[in-house]
Amino acid sequence: MRIDKWLWAARFFKTRSLATDAVGGGKVKLNGAPTKPARDVKIGDRLDISNSETRWQVTILGLSDKRGPAPEARLLYEETPESVAAREAEQLRRKFTQEPAAEIHGRPTKRDRRQMDRFGR
């Protein structure tokens, strides 16, 4: 079974083309090595998946070429304990720290610019 099709069926990516782009872009590693979208996967393979800010390390437990409900998709893989701990730590970090540019929405208005000038930018 193709790796891009498996990633889509296991619900790591919303569309198969997104899965293909991620594999082609080096965001998915098969057994520690970069791979191509048409590469076949088998049960027992280890995948390192990076999807924007989230990273998973999973072992393939089952193969499916059909995208089903999330509870069934979770049966296709097992996430490593290190990966679970790292994702939870990252979620806590994002929850308690605010991004510096989170409140900035586009170009400042005339009022915003005047306030910046008043405070010396």
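Let me start with helix α2, where the face turned away from the buried side carries the exposed residues Asp21 and Gly24. Please keep in mind throughout that what we have on the screen is a predicted model. The buried residues of α2, for their part, are Ala19, Ala22 and Val23. Because these buried residues fall within an arc of 95° when one looks down the axis of α2, they line one face of the helix.

Staying with burial for a moment, I would like to turn to helix α1, which is where Asp4 is found. Is Asp4 buried or exposed? Asp4 has a relative accessibility of 1%, and because buried means under 20%, Asp4 counts as buried. If you wish to place Asp4 against another part of the chain, take Thr97, which lies 93 residues away along the sequence, with 34 Å separating the two C-alpha atoms.

Next, the backbone, and here two residues deserve a careful look. As a general point, most residues other than glycine have a negative phi. Arg11, although not a glycine, has a positive phi of about 65°, and this arginine sits in the loop between α1, residues 3-9, and α2, residues 16-24. With a relative accessibility of 39%, Arg11 counts as partly exposed. The other residue is Asn31, again not a glycine, whose phi is positive and near 55°. Where is Asn31 found? Asn31 belongs to the loop between strand β1, residues 28-30, and strand β2, residues 33-34, and, with a relative accessible area of 43%, Asn31 is partly exposed.

Let me now move along the chain to helix α5, which spans residues 110-118 and contains Arg111. Which residues form the positive surface patch? They are Lys110, Arg111, Arg114 and Arg118. For Arg111 the relative accessibility is 60%, and because exposed means over 50%, Arg111 counts as exposed.

Finally, the segment after α5 is the place of Gly120, and this glycine, at 59% relative accessibility, also counts as exposed. How many residues apart in sequence are Gly120 and Thr35? They are 85 residues apart in sequence, and in space their C-alpha atoms are 52 Å from each other.

To gather the main points of this predicted model, we have a helix α2 whose buried residues line one face, two non-glycine residues with positive phi, namely Arg11 and Asn31, and a positive surface patch that includes Arg111.

Note on methods: Residues numbered from 1 in each chain as written. Predicted model: local features only at pLDDT ≥ 70, side-chain atom pairs only at ≥ 80, totals over all residues. Heavy atoms only, no water. Patch = residues over 30% accessible without salt bridge, like charges linked within 9 Å, V, L, I, M, F, W, Y side chains within 5 Å. Areas by Shrake-Rupley, 256 points an atom, 1.4 Å probe, with all protein chains shown as cover. Salt bridge = Lys/Arg side-chain N within 4 Å of Asp/Glu carboxyl O. Lys, Arg positive; Asp, Glu negative; His and termini not counted. Charge placed at Lys NZ, Arg CZ, Asp CG, Glu CD. Helix = DSSP H or I, 4+ residues; strand = E, 2+ residues; numbered from the N terminus. Buried < 20%, exposed > 50% of the residue type's maximum accessible area, 1.4 Å probe, protein only. Arc of directions from axis to C-beta.
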